[in-house]
Every structure is written in C-alpha cells, then in structure tokens.
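Visitor: I would like a close look at one part of this model. Please stay with the ligand site.

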Amino acid sequence: MSELQAEKLSYRYDGRLLVDDVSLSLSTGEMVTLIGPNGAGKSTLLRLLTGFLPASAGSCTLAGKPLTCIAAAELARQRAVMRQQHNLSFPMQAVDVVALGRAPWSSVRREEIIYEVMTLTGALPLARRDYRQLSGGEQQRVQLARVLAQLWHDDGPQGWLFLDEPTSALDLFYQQQTLRLLHQLTRKGNLMVCAVLHDLNLAALWSDRLLLMSQGKLVATGSAEEVITEPVLTRWYRADLSVITASECGRPQVQLNQ
Ligand SMILES: Nc1ncnc2c1ncn2[C@@H]1O[C@H](COP(=O)(O)OP(=O)(O)OP(=O)(O)O)[C@@H](O)[C@H]1O
Ligand SMILES: [Mg+2]
C-alpha cells in the first residue's frame, strides 16, 4: 500500500483562499469521494493534489516524494485525471482519444489495453465516431476509458485516479455501471479512486470514505454513515432534505423534501 499525502494545502487567488489548510491522505485500495456545494473548492483541490496547480502553502507528496519533484512523465505513469470539462477543438476518433492515455507508455499491448478499457466503460461501440459529435454521456465514457488506459498494467489499473464529476452526464445504467466498476477495481488494492460527486446517493453507496468541503475547507470526513446525515447535509448544503437508510445495504440515501 502506498500513500498520497497533503499537508496544510492552501491555494490563494486574487486575495481569496480557494483551498484553505487542507490535510488528507489517500491510499491505494480505497474509493474516496469529495463532496460539497458549488464553488466549495473541490475542483481546485483536485488540481492541487494532481500537480496541475502549485499550492500557495503546504505540500503534497506521493509515496514520500513531493509532487513538484516528480518528473511529468513519471507522474503521468502514476496518476490520471479526468476533468470536469473536456472539449476538443479538432476532429478525433473516440479510440484515438482513449489512446492518448497510453502516451506515457511503450506501445506493448496498446491495442489490447484500449480494447479492454473501452469494453469495460461501454465505449467500444463509439470507437470510430468523431469525439466531438458524441453526446455528453458518451464523451464521459470515452474519457473514463482514457484515464483507465493511462493507469493500466497487466493485471488491471495501478496508481491514483482522480475524477471530477465523472457521472454528471451519465444515465442511470451507466452511473451504476461506472461506480460499480471503479469500486471493484479498487478492491484489488493497487488503485485509489478519488471522485468528485454531486450525487450523494451514488457517493453513499460506493465510497469507503467521504470528504465534505465548504468554502475551501474540509468540514466533515468519514464513512457514508458519518457524513451523509441530516444535520451535516442541512448545515453545509442548506437544503431541505431527509436521510433514509437503504434497507438492503444499510447505506444512507438522501431525499429532497418537496
Ligand atoms: N481559475 C480561477 N480563477 C479565479 N477563481 C477561480 C478559478 N477557478 C475557480 N475559481 C473560484 O474558486 C472557487 C472554487 O472553485 P472550484 O471550481 O474549485 O469549485 P467546485 O467545488 O469544484 O464547484 P462545482 O461544484 O461548481 O464544480 C469558486 O468560487 C470559483 O469561482
Ligand atoms: Mg468543480
């Protein structure tokens, strides 16, 4: 087991603290979900944790080494990132978008891996389509295939996978399929998944741990049972809601009140 550790991370922009003194550690083998209201700083924190933004204060280390000291090519073999938005301004087939994920690696088994991840994410029938003409949900499935391809080894994905709202455009079938897949891939112990989700019911069903952010700070962390509660959610989301317990798995589920 290996760790990504953030110590007192802050990011200041234009006099505002977008991320404020965040410390956390992420381990391979776990599925962690980052939740919180719009503008809380979730995407900004993800950028700090993945080395796309330099922190204004604090540090982030991967297996004991500061992110800033890891060469870009080496980092690309250890962590992959799916952003909240991903537009292309030129024509490209979906299969070539997925192949971009293999750029940090040699071409050994490249076609096989691309076929495998596109099958897993339901993106295979889209392989020859122009990415720009795909629906929002179809594009998300292709992007998920790309980041899985980036971390793929002989026996599955290894490393740190960061996903910013990966299910926001997916229908119910693919929401469930995607979360099940990610959860199952973490069970092998070699992959950490950290996903930003607005759907708290999905988060509650599949997360080992939830991190709740508000105004740049981590304000609640723990299991679904600890974080998905009426007092916590009412306080930080300001929504009028009820939390019930799903009978089969015992995980909490959120209902909005009319
Ligand atoms: N490049 C930027 N320049 C200036 N302000 C920014 C920038 N990116 C984000 N912000 C601001 O930082 C705050 C946090 O933004 P961030 O995108 O991290 O929020 P978020 O939690 O991901 O929100 P959402 O749920 O809407 O995606 C917001 O107030 C936003 O307006
Ligand atoms: Mg965001």
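Visitor: Which atom of ligand 1 is 2.8 Å from an N or O atom in the side chain of Ser-43?

Guide: An oxygen atom of ligand 1 is the partner of Ser-43 at that 2.8 Å. This is a polar contact (a pair of N or O atoms within 3.5 Å; within protein, one must be able to donate a hydrogen and the other to accept it, and residues adjacent in sequence count only if both atoms are side-chain atoms). The model is predicted, so local features need pLDDT of at least 70 and side-chain atom pairs pLDDT 80 or more, while totals for chains, interfaces and linings use all residues. Side-chain values use heavy atoms, without hydrogens or water; residues count from 1 along each chain's written sequence, and chains run from A and ligands from 1 in written order.

Thr-44 also reaches ligand 1. A polar atom of the Thr-44 side chain lies 2.6 Å from a ligand oxygen. His-198 joins in as well: an N or O atom of its side chain is 2.8 Å from an oxygen atom of ligand 1.

Now the cover. On its own, ligand 1 exposes 630 Å², and the protein buries 65% of that (accessible area by the Shrake-Rupley method, 1.4 Å probe).

Which elements give two or more residues to the shell? Strand E2 (16-27) and helix H1 (42-49) do. These are DSSP runs (helices H or I, at least four residues; strands E, at least two), numbered from the N terminus. H1 supplies the largest share, three residues.

The whole shell holds 14 residues around ligand 1, each with a heavy atom within 4 Å of it. Gly-39, Lys-42, Ser-43, Thr-44 and His-198 come nearest. By class, the shell has four nonpolar, seven polar and three charged residues. Nonpolar means Ala, Val, Leu, Ile, Met, Phe, Trp, Tyr, Cys and Pro; charged means Asp, Glu, Lys and Arg; the others, Gly among them, are polar.
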